[in-house]
Amino acid sequence: MTEMASTIVPAELGCLDVPLSIHKRRWRSAFVTIYCSRAFQSFFQSVSDNNGFKLDKRILTQLVKEKSLGKLQELGGVEGITSALKTNAKLGVCGNAQDVAHRIEAFGSNTYKTTAAKKFFHFVWEACQDLTIFILIGCAVLSLAFGIIEHGLSEGWSDGGSIFLAVILVISVSAISNYRQHREFDKLSKVGSNLQIEAVRNGIRLHISIFEIVVGDIICLKIGDQVPADGLLLEGYSLEVDESSMTGESDHVEISQSHNPFLFSGTKVVDGYAQMLVTSVGMNTTWGEMMSQISSDTSEQTPLQSRIHRLASSIGIVGLLVALLNLIVSKIYYFTGKTKDKHGKKEFNGSRTKMHHVIIAVVGMVGTAVTIVVAAIPEGLPVAMTITFCYAMRRMIADNAMVRKLSACEIMGSATTICTDKTGTLTMNHMKVTKFWIGENRVEEAYSSISSGLLSLIREGVAMNTNGSASRHTSGTGFEFSGSPTEKAILSWASLELHMDMDTLKNNCVIQGVEAFNSHKKRSGIVIKRKVDNTMHVHWKGAAEVILAMCTSYHNASGDIFDMDDAAKQELERIIQGMAASSLRCIAIAHREVSAEEQVDPEQKTLLKNNGLTLIGLVGLKDPCRPGVKKAVEDCHSAGVNIKMITGDNIYTAQSIATECGILKPGQDTISEAVIEGVQFQNYTPEERMEKVDNIRVMARSSPLDKLLMVQCLKQKGHVVAVTGDGTNDAPALKEADVGLSMGLQGTEVAKESSDIVIMDDNFASVATVLMWGRCVYNNIQKFIQFQLTVNVAALVINFVAAVSAGEVPLTAVQLLWVNLIMDTLGALALATDKPTKELMENPPVSRTEPLITNIMWRNLLPQALYQIAVVLTLRFRGSTIFGVDDKVQDTLIFNTFVLCQVFNEFNVRKLEKNNVFKGMLTNKIFLGIIALIIVLQLVMVELLNTYADTERLNWGQWGVCLGIAAMSWPLGCVVKCLPVPQKPIFSYWEVKKYIRTPVKL
């Protein structure tokens, strides 16, 4: 057979071995057909995989990650990518449900994978790690084994099985509580990360959730915003971002279309404003990959929690000593033959006693000792803290306050000074232009009384020198405005009263340079070139006195220009002061034409001139005070909290608003230095600042540095300071303060991340509510401490006295575990859910060095504990004689009376100082429900679970006796609260104070 030549031709999915024979042409024809069909199939499959988009998400991801300008140019630049993503650079994406779903399918959603949440069994395992639980389980196993050996399965399981069931119940309650806390914090974390982003869709600016962003979206960015996804700069001016969260470098990075148009998710805008095109979202961004590896930490321990743990440890040590002493005494009584069984015979008879009986007795002693430790150790204190914080945080969200840092809840209750902003916090932040002055004359009908040339200049300045927008509704009726409240007010006035067409003006001009507004310079400027004649013009807008200082001339209503001499300048300053005294924010607008010589002069570093301007006019904006602010300020004053207003407005506007809100009292003015300007505060010497800072009520024309300086001075003087802030530059003051409060509506993301609590409605009344909640948290925890210590003191003394005198404790292991459950979880839940009351705002702030257990609490708890001790010990040693019952019923009476005493005492601790403990009780359905649940469960324990709880059924008379004895704690509580207490903490005389009175550095 003749060997035939062959060739290997590469194909997409393998190789074709084509023999060169007389059928060569047919083979080639077949190969071409197969190859081409596969190629076309691969192409269409690729298109299908991208859902009709020309770019793959992997290409877009690598483009931004690598900052590849070369690759960007190959793809047609930003314009080419915009087109490939089917996005209109002006109108954005379509934005309907089908389009959004299509983009999510092609490029993914703007969410990232998170570490798996801890399962319930994780918390069960954690609860089992307690040493006392291990000992109890060991005791239960031995008790169960020996009980079955001695009495058989039908009767021998009861003691050991009861302890097992009690341990399971304690573990379950602890695990459920911790699991619910974990889930609660996870929910709060998700709420905190759900940022609102401004996007352009179908030509309309609207706010959407950060999780709703899709590839192709156009996002509007301004100072303080977090970049929500990876993308490219479409257009922007003076844009700088902080990439330290990604690179660790603190230097700000300039973003420009020519050199660096790449924007990374998670970075912060520190200057300028821009529009970006989203190219990658979610897990396709570097930020998404980083965040997926981070799990939220819910193990934060607050200063109060640290004090609680130290207190619990101290009580636990005392309980351990009592339990150890009880064990020693019990063994002595047992091995000396002083203990008797239920038949009245000695339990230990030397060598005649069987070994397993001795082991059972010893196991019972150890079990009782361990149970005393369990009952003595106040595990309920951490549980109460958890429940209180979770409940308070959930309710604070309903009251428009989202807690980002747990410790802020408690620290806010100790606040002595609140430094608050004006705009949006004390005022409505709904601004409206109410006055307009041109030169020295007020203009009522601007459109009809101003010359056409000047009117065109005003429209041009308003339309171009803004980062807001004004667009007509899709229906054609009315306008849609976006931007800051000040921007929206001016745009609304220009559009509705001056008939400004923003889109036309923007199309007729080309922007040459921009200086974005910031809180330090208090101005913004823009230089533009008109397409019609190629002339360049500079427009400025900002705080009236700032812009006025840049002007050398001014217009009148006819459009004529006059030099600004001293007399004219003084008159204009008087007009500005008059508007400010009427609580108006005064904004000036000015203009200057850039000459041809200045345009070509190479020494000119910038065309954005800030001198030699011509003043066009003064705009007065009214921002009324919020309803309820004056009442909230009065409540804070009555609570011993000073309010200081720190604002960027001029001193006359600030003084007028402060007086209206009640911050400034009549007669307080600049003479008493209650009202000063930021520059004046900076110019003080450190000694002068420390001397005068307490008297300052209003600081006007302040910068973020002034706010930071005031916070530092107040903290040095021992104040607990809370500060509100909404701008990026407020971040240092928010971090420096004991509690930073950022604004949820107008606050930047930088400010929110620097704060401890976010005020979601930007309302000062909500700040006062947070103050009240802070006091409520502390007060509720003090209530539970008093309740817990009453039971601890009573239980320990009762067990100690009974063990020493009779050789056995009156309460069994299961009964003590049941009492422990009432204290730890149900009691904590009942007391932790009390809502804030006005009474809390009648007391001065709680000092950070004040003892956790006050003299008032000791006065309340010691008489109650002594009463319970007296009652139980009387029943223990004389109960059978008094009531004519056997030992089993007597022990049940002791158990039932002791539990009911705790139920009635729970009412007493609702009010630490007031006698009317029932006030507001009907509004707390959780409290009433838990009390009812405890009584029902106690009824079940006594009447139905006799074998389990080692109890006997009681008759109606015996129940009445138990209730009557327990109810006596109410009149006792009323009498005790009439007793005076010394101001000086009683434990300040002994070294014991280091356990209870621990100063906390906040």
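In the predicted model, helix H33 passes helix H36 in a right-handed crossing. The axes of the two helices come within 8 Å and cross at roughly 40°, which makes H33 oblique to H36. On the side of H33, the contact is made by Val-889, Leu-893, Asn-896, Thr-897, Leu-900, Cys-901 and Phe-904, and these residues meet Gln-958, Trp-959, Cys-962, Leu-963, Ile-965, Ala-966 and Ala-967 of H36.

Among the contributors from H33, Leu-893 is buried, with a relative accessible area of 4%. Not counting residues up to four places away in sequence, Leu-893 touches Gln-958 and Cys-962, and its further contacts are Leu-875, Phe-883, Val-885 and Leu-954. For one of these partners, Leu-875, the C-alpha atom is separated from that of Leu-893 by 7.7 Å, although the two residues are 18 residues apart along the chain.

Helices H33 (887–908) and H36 (956–967), together with helix H32 (855–883), are also included in what covers the buried residues of helix H37. In H37, which spans residues 969–976, the buried residues are Ser-969, Gly-973 and Val-976. These three cover an arc of only 65° around the axis, which puts them on the same side of H37.

With regard to nonpolar packing, the largest nonpolar core has 66 residues, and those with the most contacts inside it are Met-412, Ile-418, Ile-757, Phe-764 and Ile-785. Helix H30 (residues 764–806) supplies the largest share of this core, namely 12 residues. Apart from this core lies another, of 54 residues, which includes Val-871, Leu-873, Val-885 and Ala-966. Two of the residues named there recur in the packing described above, since Val-885 is touched by Leu-893 and Ala-966 takes part in the contact between H33 and H36. Within the surroundings of Ile-757, and again not counting residues up to four places away in sequence, the residues touched are Met-396, Ala-401, Met-402, Val-403, Arg-404, Ala-408, Val-739, Gly-740, Leu-741, Ser-742 and Val-770.

Positive phi values in residues other than glycine were found at Asn-400 and at Arg-701. Asn-400, with phi near 70°, lies in the loop between helix H14 (380–398) and strand E10 (401–403), and at 30% relative accessibility this residue counts as partly exposed. Arg-701, with phi near 45°, lies in the loop between strand E25 (698–700) and helix H27 (704–716), but Arg-701 is buried, with a relative accessible area of 17%.

Notes
Residues numbered from 1 in each chain as written. Predicted model: local features only at pLDDT ≥ 70, side-chain atom pairs only at ≥ 80, totals over all residues. Heavy atoms only, no water. Buried < 20%, exposed > 50% of the residue type's maximum accessible area, 1.4 Å probe, protein only. Helix = DSSP H or I, 4+ residues; strand = E, 2+ residues; numbered from the N terminus. Arc of directions from axis to C-beta. Contact = heavy atoms within 4.5 Å. Core = buried A, V, L, I, M, F, W, Y, C linked by side-chain atoms within 4.5 Å. Axes fitted to C-alpha atoms, helices over the stretch in contact; angles between N-to-C directions. Parallel < 35°, antiparallel > 145°, perpendicular 65-115°, else oblique. Left-handed = near helix turned anticlockwise from the far one by under 90°.
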